[in-house]
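Please go through the assignments in this model and give the criterion behind each one.

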Amino acid sequence: MKIKNDQPVIFSNNLFVTLLLAAVVGLTGCKQEGPAEEAGKKVDEATERTQERLEEGTEQRQESMEKRDEAMGQKSGSVEEYLDDSAITAKIKGEMVADPLLSATKIDVVTDKGVVKLSGVLNSQQSADRALEIARGVKGVKSVESNLVVSPVAK
């Protein structure tokens, strides 16, 4: 009967030794890289390269968008200047037509970035002075350049 009682101990010792050997063999196998580990490393490296490229692309797109925004800001500013210049020219011409001293005269008005250029031939210095006064009095005018000529023969 003693043999029967020792068998479970021997069986459990054998089971323990078997499990221990399996663990050692398993751990020894983990030290060697297999195809799965190599593939995992390659995937990791590819992921890192892709991430770097994405970051570079993002930076390039950001710079491109900033340049576009700058250009749009400059273009919109020039459109505003053009509209302002047109409004200044229209205001000056309207006031000259309404003025009895200048209504019959032909004065060319050109506005560029707030600088008004007047040209034409007038029959009196008083008409030239009045044209300059009107141009200088319009809001948005930075300066006035006069190319007006006074000729008593002018009609």
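Secondary structure and its criteria

The chain's secondary structure comes to three helices and three strands. This is a predicted model, in which local features need pLDDT of at least 70, side-chain atom pairs count only at pLDDT 80 or more, and totals for chains, interfaces and linings use all residues. Residues are numbered from 1 along each chain as its sequence is written, and side-chain values use heavy atoms, with hydrogens and water left out.

Q: What makes a stretch a helix or a strand here, and how do the elements run?
A: Both are DSSP runs numbered from the N terminus, helices being H or I with at least four residues and strands E with at least two. From the N terminus on, the order is α-α-β-β-α-β.

Q: Why are S1 and S2 called paired?
A: Pairing requires that DSSP finds at least two bridges between two strands. Five bridges join S1 (residues 108–112) to S2, and these strands run antiparallel, so they count as paired. Val 115 in S2 is the bridge partner of Asp 112. The two strands form a hairpin with two residues between them, and Lys 113 in the turn has a positive phi of about 55 degrees.

Q: How do you know that S2 and S3 pair?
A: Eight bridges join S2 to S3 (residues 143–150), in parallel; therefore the criterion of at least two is met. One bridge partner in S3 is Asn 147, opposite Ser 119.

Q: What makes one face of S2 buried?
A: Buried means under 20% relative accessible area (exposed over 50%, partly exposed in between; 1.4 Å probe, protein chains only). Val 116, Leu 118, Gly 120 and Leu 122 point to one face and are buried, whereas Val 115, Lys 117, Ser 119 and Val 121 point to the other and are not.
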